[in-house]
Amino acid sequence: MATMIFVDFKHCFIFILLCIFSLLCYFLFFKKPKDIRSFDLPPSPPSLPIIGHFHLFLSLQIHKSLKKLSSKYGPFLHLCVFNVPMVLVSSASIAYEIFKAQDVNISTRNQPTNEGSLFLGSSSFVNAPYGDYWKFMKKLTITKLLGPQALERSRAVRVDEVKRFYSNLLDKAMKQESVEIVEEAMKLTNNIICKMIMGRTCSEENGEADKVRGLVTESGRLVKKFFLAAILRKPLRKLGISLFKKELTGISYKFDEVLEKILVDYEEKVEEHHQGTDMMDVLLEAYGDENPEYKITRNHIKSFFVDLLIAGTDSSTHTIQWIMAEIINNPNILERLREEIDSVVGKKKLIQETDLLNLPYLHAIVKEGLRLHPPIPFVIREFQKGCKVRSFYIPEKTTLVVNGYALMRDPDMWEDPEEFKPERFLASSRSGQDNEIREDVLKYIPFGSGRRGCPGSNLAYVSVGIAIGVMVQCFDWKIEGDKVNMEEVPGAITLTMAHRLKCIPVPRTLIPFT
Ligand code: HEM
């Protein structure tokens, strides 16, 4: 009798545990948010039990598979990953409506964060919710660092780096060595950003520069995997799982080591170079201020530098590589660009940043490169409040995914969308379309849009434009085989070339150094 009671009790206990577990699963994965059940949501493609549309995000080239999905089911879709609601936008007109009417509502990313980490942590600017901290830093970023006037003030800082870029290429050319474009481009963009934010480049002598570039590359690789983490963040958060925690903490620790040293060095020599103009000066002043507009911490400063190093370096570097590959594969474009540079700049002086304004074809090439190969193909945000878009209701906390890749290759918006045709961005080919409807603006979104759009777009146009300008003005480029292989890295969320572009520079004009 006693044994029977014991067995029943055991079964009962297991039964209760099962019930609790099932309930937990139901609330985590199946229960739809209240809003979703009673409103007209955008159309939804067929889904699978339990996982919903999760399988659609497992493709090796998510930007392409989501583009295909939109071609089949429409440009405005409602998806569910487990029980996490999401809308996928693949048309310029819907993106325009959302950014126009809901800009503040979608100005938070709500990406997964790793508490205390400098990289994608709670002090990050890129990850910060739309609020006082973000507004304070955005104002500083535009007025002191990345806005048009700030860029004009820091122009001299970039001149030396462009010369150094040319001299490194020339050195390789003289030795008839091949160049990995990504490597040289990374040195240029990284040095420019370091100098602009910290007043100096990282030292090549003591390995500091290599360390920072290595960390940026490592972080870039991690960011590539981040899309899934962003999509799955809510169920994972409920289960207490933090993806990539170990990697994030490791990278953050290494960044902290380098940046803390740079900060301390800077503070020690502050009297020497203090002019109050450098971004570092401005941030240290805000940090030490007893009565600041917003009280920032030391972690905010370091985290902000990590954000800028990662957001600014990797994307510009890969853009330079894609564009060079397109130029090498299209000799007519190379010739036309060269003619433009020779006629505006000449062959005796190195192209300067100030020449860029007079080189519309070069600018069109950069724009076209970003259209076909946007390094960040998605804009990911979150609707903070429920709202109506067209005749549909979007519940609060719905993730917004705008597929920029699809928008920028939309055959309804672009002629020959798969072709590399810089002419499309020249004013002369746009005549007759000047009264373009405003929503057309959002058919081109390599830098995102709205108040959370990229604040570095002006700097990116300058760095990419000048790098391409130098390479085309000063060298011919020999590659192995006839054409550069343009395959994309599979499984990556940022668009990068699967095979690094390696080529030998042959000096075309020898520009004297001044
Ligand atoms: C070719 C180069 C670049 C591309 C394609 C690019 C693209 C983007 C995109 C798509 C976003 C997200 C925008 C959105 O959510 O609407 C972004 C955000 C951001 N980018 Fe860039 N970017 C580039 C260069 C830079 C540079 C040079 C910097 C600064 C040094 C920079 C700093 C940032 C920052 C700080 C954010 C976050 C802004 C915020 O959350 O308010 N980017 N970028």
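This report walks through the ligand shell and one strand, β7, in a predicted model.

## Around the ligand

Let's start with the ligand, which has 27 residues around it. Gly312, Gly448, Cys454, Gly456 and Ala460 are the closest of them. If you sort the shell by residue type, you get 17 nonpolar residues, 8 polar ones and 2 charged ones.

Which helices should you look at here? Both α15 (298-329) and α20 (457-474) put at least two residues into the shell. The top contributor is α15, which supplies 7 residues.

## Strand β7 and its burial

Now over to β7, which covers residues 399-403. Buried or exposed? For this strand, 5 of the 5 residues are buried, so the rest of the structure largely encloses β7.

The side you look from decides which residues point at you. Thr399, Val401 and Asn403 point one way from β7, while Leu400 and Val402 point the other way. Residues on either side are buried, Asn403 and Thr399 included.

## Who pairs with β7

Strand β2 (residues 84-89) runs parallel to β7, and 4 bridges join the two. To find this pairing in the model, pick Val87 in β2, whose bridge partner in β7 is Leu400.

Strand β4 (residues 378-382) pairs with β7 as well, but here the strands run antiparallel, with 5 bridges between them. Val379 is a handy place to look, since it stands opposite Val402 of β7. Recall that Leu400 and Val402 point the same way from β7; Leu400 is the bridge partner of Val87, whereas Val402 faces Val379.

Note on methods: Residues are numbered from 1 along each chain as its sequence is written. This is a predicted model: local features need pLDDT of at least 70, side-chain atom pairs count only at pLDDT 80 or more; totals for chains, interfaces and linings use all residues. A residue is near a molecule or strand if its C-beta atom, placed from the backbone, lies within 6 Å of it. Ala, Val, Leu, Ile, Met, Phe, Trp, Tyr, Cys and Pro count as nonpolar, Asp, Glu, Lys and Arg as charged, and the others, Gly among them, as polar. A residue is buried if 20 or more other C-beta atoms lie within 10 Å of its own, exposed if 12 or fewer, and partly exposed in between; C-beta atoms are placed from the backbone. Two strands pair if DSSP finds at least two bridges between them.
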